[in-house]
Amino acid sequence: MSVFLARSTSAAAVLVISAQGAFADVSAQDVWSDWKAYMTGTGYTIDGTEAMSGSTLTVSDISMNMQLPEQDGTAQFSMPEIQFTENGDGTVNVTLPKEFPMTISGTDGDDQFSIEVIYAHDGAPMVVSGDTSAMTYDYASTMATMTLGKIDATGEDIPADAIKLVVEMKDMASKTVMQIADQRSYDQSVTLGQLSYDISFNDPDSDDSGSFKGAVNQLNFTGRSVIPDGLEAPFLPDMIKAGMEGDFSATFGSGNSDISIAGSDSFNLQSSSTGGSLSAAIGQAGLSYDIRQEGLSLNVASSDIPFPLALTMAEIGFKLAMPIAASDEEQDFGLGITLRDFAVPDMLWGMVDPAGALPHDPATVVLQLAGKGKLLLDVFDPEAIESMERGQETPGELNAISIKELLVSAAGAKLTGTGDFTFNNEDLVTYDGMPAPDGVANIQLEGANGLIDSLIQMGLVSDSDAMGARMMMGMFGVPGEGEDTLTSEIKVSEDGQIHANGQRIK
């Protein structure tokens, strides 16, 4: 059901805020016919009652159907009416009712479900221009909301107040240019003054309840996608194999959220941020996304912790790039994690360091990796994933990895490093089942002796333990240029040898 909801949301987006471009005449029938061609070309069946009156084509009782992937069932999306009005200047207005229900329903074996969403907006039309090979949709709305209505499911008694959801968009403007050929391409830009949400639930079988509220300001989105035609069903693996591509980027301004859970346990989280960015891409070349948020502030209270916590971060980020299709050729991958200037309150520092022996500066962790490997299965192939989980299929091979950046700083100490390694997947013996590595890592450690002295002063480390740690640092490191600085060059070879600064240690 969740898979269908995601796909139906995409389909609804096409019907609610589509877009396309050129400078010729387009008719009401051209626009509606193209919508039908798009939906049927990606595996949906679409029905509606058409009635032409003057310059207006009204399509009522609209329904789209699809087969649920990997399940014995179907699902349907329906809405009451859309009007296509020719303006007399070669453009067409596409108008939706100011408020109307959209229904997502379906079957899964003997089970049935139905979800109603109420869409409301200021009544502004989309303006379509162009011709049958390229259309442009322009849309601007001061307000649009989506409200969860009734939910029905076989054998389930769902009270009206069990789940509530409202999503509101303010000051929205979008432009989409669609090129129509063997494959459809979309170039889209969207701006939003504010996106807010208000979600709550009440568990009918217990006293548990919760709410999730928040808002994000000044969203700017740009994206491009290529959608193949002639598919039997809109399943993501088939679409990617047929040439589907998509990439987008977005920036956003200040935001806030408030999460509250009550019942047998309680939890409250308030957060705010000054802005950030998000980008993602998917296609035969692989999957990637990069998310970053700045000026993050968190306030947490819970029945599981003795006192409230207030945390701040200057930046938090995550990057991932990976192949998704099996190949005998090496493919690139990457991973990045950023946690910059993470600060905890003095109250928490006072519990572990009441005398202030340690510097209480914010901590930072940054890791950036890049590499090459072979993916031996399709990520979106359910049978291949099941075989891997049963241990019947090897997911892939690691061929090379580069440490582009390593930075860990906390409590007055800082560790930095880089490195490059290759791996011999034919040798799984030398390193006890791990492909034999070959490469070099360069590491620098600052402030380690000072940190050890502070830990001794605090009583957290004994003199004998400190001596062992210092001996280990002396084995792997040599004095660097600055005070209390150690550097180390670690070489690892396929034959099992490990050298530190030219001295063999294994």
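Asp341 lies in strand E18 of this predicted model, where the residue adopts a positive phi of about 55° although it is not a glycine. Most residues other than glycine have a negative phi. With a relative accessible area of 36%, Asp341 is classed as partly exposed, because the buried class ends at 20% and the exposed class begins over 50%. A second residue with a positive phi is Gln218, again at about 55° and again not a glycine. Gln218 is located in strand E11, and its relative accessibility of 53% places it in the exposed class, since that class covers values over 50%.

The strand that holds Asp341, E18 (residues 331-343), pairs with strand E19 (residues 363-375) in the antiparallel sense, and 10 bridges connect the two. Within this pairing, Thr338 has Val366 of E19 as its bridge partner. Strand E19 is in turn joined by 12 bridges to strand E20 (residues 396-410), and these two strands likewise run antiparallel. On that side Val366 stands opposite Leu407 of E20, so that Val366 takes part in bridges to Thr338 and to Leu407, a reading that rests on the pairing of strands through bridges. In a regular strand the side chains alternate between the two faces of the sheet.

Strand E20 also contains Asn399. This asparagine has a relative accessible area of 11% and is therefore counted as buried, the limit being under 20%. When neighbours within four places in sequence are left aside, the contacts of Asn399 include Lys372, Gly373 and Lys374, three positions that fall within the residue range of E19, 363-375. The remaining contacts of Asn399 are with Glu330, Phe421, Thr422, Phe423 and Asn425.

A further set of antiparallel pairings involves strand E7 (residues 126-131), which pairs with strand E4 (residues 92-95) over 3 bridges. In this pairing the bridge partner of Asn93 is Val127 of E7. Strand E7 is also joined to strand E8 (residues 134-153), by 5 bridges and in the antiparallel sense, and the two strands form a hairpin with 2 residues between them. Here Asp131 has Ala134 of E8 as its bridge partner.

Ile62, in strand E2 (residues 56-67), offers another example of a buried position: its relative accessible area is 2%, and it is assigned to the buried class because that class takes in values under 20%. Apart from neighbours within four places in sequence, Ile62 is in contact with Asp47 and Gly48 on the one hand, and with Phe77, Ser78, Met79, Pro80, Glu81 and Ile82 on the other. The C-alpha atoms of Ile62 and Ile104 are separated by 12 Å, the two residues being 42 residues apart along the chain.

Aromatic pairs were sought across the whole structure, and the search finds 8 of them. One of these is formed by Phe201 and Phe212, whose rings are stacked, with 6.4 Å from centre to centre and 25° between the planes. The pair links distant parts of the chain, Phe201 lying in strand E10 (residues 183-202) and Phe212 in strand E11 (residues 209-228), 11 residues apart. Phe201 is partly exposed at 27% relative accessibility, and Phe212 is likewise partly exposed, with a relative accessible area of 27%. Strand E11 is also the strand in which Gln218 lies. Elsewhere, ring pairs link Trp32, Trp35, Phe84 and Tyr137 into a cluster.

Turning to the chain as a whole, the model contains 7 helices and 26 strands, and its C-alpha trace spans about 90 × 55 × 50 Å along the principal axes. Of the 506 residues in the chain, 36% are buried. Among contacts with a separation of 6 or more, 59% are made by residues 24 or more positions apart. The accessible surface of the chain amounts to about 26100 Å², and carbon and sulfur atoms contribute 55% of that area. The chain carries 23 positive and 74 negative charges, and the mean positions of these two sets are 6 Å apart.

Terms used. Residues numbered from 1 in each chain as written. Predicted model: local features only at pLDDT ≥ 70, side-chain atom pairs only at ≥ 80, totals over all residues. Heavy atoms only, no water. Helix = DSSP H or I, 4+ residues; strand = E, 2+ residues; numbered from the N terminus. Phe/Tyr/Trp six-rings, centres within 6.5 Å; stacked < 30°, edge-to-face > 60°. Buried < 20%, exposed > 50% of the residue type's maximum accessible area, 1.4 Å probe, protein only. Contact = heavy atoms within 4.5 Å. Areas by Shrake-Rupley, 256 points an atom, 1.4 Å probe, with all protein chains shown as cover. Lys, Arg positive; Asp, Glu negative; His and termini not counted. Charge placed at Lys NZ, Arg CZ, Asp CG, Glu CD.
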